Amino acid sequence: MGGRRNKKVVPFRIPFHLNIGGFAFLVIFIYICSIFIIYMNKPRISVYEVLEKKISDNNSCVGMVFRQETIVNTNNSGYLNFYYGDGTKIAKGAKVYTLDETGEIYNMLKESNMDNSFSKEEREMLWDNIADFRSTYSKNQYQSVSDFVYDIDNSLLELSNSSIEKKMKKILENNNVSSLYHSIKTDMSGIISYSIDGYENTKPEDVTSKMFSMDKYEKKQLRSSEKVEKGEAAYKLVTDESWKLVLNLSEDLYKRLVDIEKKSKNTSYISITFTREDLSATVPFHTFTKKDGYFAEVDLNNYIIHFINDRFLDIEINLTTVEGLKIPNTAIIEKEFYTVPENYFTEGGDSGDTGLIQEAYDKSGEVTFKFVRADKYYVSEDGTAYIDKDLFSDGVWIRNQETQERYQIGKTSKLKGVYNINYGYCLFRMVKILYKNEEYCIVQSGLENGAANYDHIVVDAATVTEDAMIHNYKGQ
């Protein structure tokens, strides 16, 4: 029997084979993830297109109306029938209304079978008014519609009363009731109104802030079908077309108006807009204070008929109207420049470039001169030129070629500007702010090296730096 053969187990090693496809996929995946992370962490650059705009600094307030108003009371009790529409100008001696003491005549009038239609001439007059309105109508002027309705209502009222007057004469002739019927004429001229509110005798100097509270304000309409007692108000006449507004102001607005008064040599003026009617006027004013508030009194000569029944009006005070380039406040940034006298600039040799003569020293210590091309980024009214700080180091000397005077570079000043990206990278462009509110500002157009109409600028200047490349941005 032969000896047993030794058996030794040797592990089998699988040879390593590099999977090129998997490795390539891993590399691409890591690359894409890196790009995505960088993109997500990169600030978004929003861009704004600069446009010419106009901004008005309007300040809202409420104005209280003061007119020369006279309330006319009845001499007898009875039922009133008026001959004029609200806001109509009437002459002295005009028949304003008739008074039926018992209402019996009015009942007779209702029971009569007389023709109520208008004559041919009266109908033609109404159609002429309608045709005039149609020829001048504009969708942008809603007030013209309300004026038209108002005029037609008054015309119909006058025509209707004319017809009633004819009927009334026949009734009075046929019935013995003339003692109960009175025709009332006015002893003064003016603009008629059929509303009262208790402020008719109040003067501008009597105004208080409490008067502007609408909680307890009441206006009474006088024209109605109800019986009126003797001595009650029948109508109101406004006897002068000049009127006043007292504006209830905030403390800040009051101070701004006081500043305008101080700057005015004679009478001070402001521009106001009546919000409801969209009517504007430039009017004289003066400010005053009371224990409970700040006020301004305004004098007017127009529009009284528009507001004949109003006591309180919403007003916009237009203090500032500026035209220029509209730019977001977040786009404004400041850049520091060296300042040098403008008369140190000269032209360099044959190139015709503008620049400055800088002093330098050679190895032997002798003074030499070097022309440094430098653009005057901005020149102020006092002759100070602003140049880029990258051109020189602090402390170097420049020389005036004509006078041989020397000036040491070092003084700096800042200019406000925006980052223009028209060429795909950030360029500083100067702005001169004319007006600024909480969100936008208006800057001067036409400045050399300044922002221009249709420029594309960075909305948030804090997210970029000068000369930064802007490959992709989100337009706005």
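Begin with the aromatic side chains of this predicted model: when rings of Phe, Tyr and Trp are paired if their centres lie within 6.5 Å, the count comes to 21 aromatic pairs.

Select Phe-288 and Phe-295 next, and turn the view until both rings can be seen. The centres of these two rings are 5.4 Å apart and their planes stand at 20°, so Phe-288 and Phe-295 make a stacked pair, given that planes under 30 degrees apart count as stacked. Are Phe-288 and Phe-295 buried or exposed? Both of them are buried.

Keep that pair selected and add Tyr-199, Phe-212, Tyr-217 and Phe-312, because a pair can belong to a wider group: together with Phe-288 and Phe-295, these residues form one aromatic cluster.

Now move to two places where a charge meets a ring. Select Lys-376 together with Phe-345, and you will find the charged end of the lysine over the ring of Phe-345, 5.3 Å from the ring centre. Then select Lys-389 with Tyr-338, where the charged end of Lys-389 lies over the tyrosine ring, at 5.5 Å from its centre.

Finally, clear the selection and show the whole protein as a cartoon, in which five helices and 30 strands can be traced. Of its 476 residues, 37% count as buried. Among the contacts in the protein with a separation of 6 or more, 75% are between residues 24 or more positions apart. If you switch on the surface, the accessible area comes to about 30,100 Å², and carbon and sulfur atoms account for 49% of it.

Technical notes:
Residues are numbered from 1 along each chain as its sequence is written. This is a predicted model: local features need pLDDT of at least 70, side-chain atom pairs count only at pLDDT 80 or more; totals for chains, interfaces and linings use all residues. Side-chain values use heavy atoms; hydrogens and water are left out. Rings of Phe, Tyr and Trp (its six-membered ring) pair if their centres lie within 6.5 Å; planes under 30 degrees apart count as stacked, over 60 as edge-to-face and the rest as tilted. Buried means under 20% relative accessible area, exposed over 50%, partly exposed in between (1.4 Å probe, protein chains only). A charge sits over a ring if NZ of Lys or CZ of Arg is within 6 Å of the ring centre and within 35 degrees of the ring normal. Helices (H or I, at least four residues) and strands (E, at least two) are DSSP runs, numbered from the N terminus. Contact means heavy atoms within 4.5 Å. Accessible areas come from the Shrake-Rupley method with a 1.4 Å probe; for residues, only the protein chains shown count as cover.
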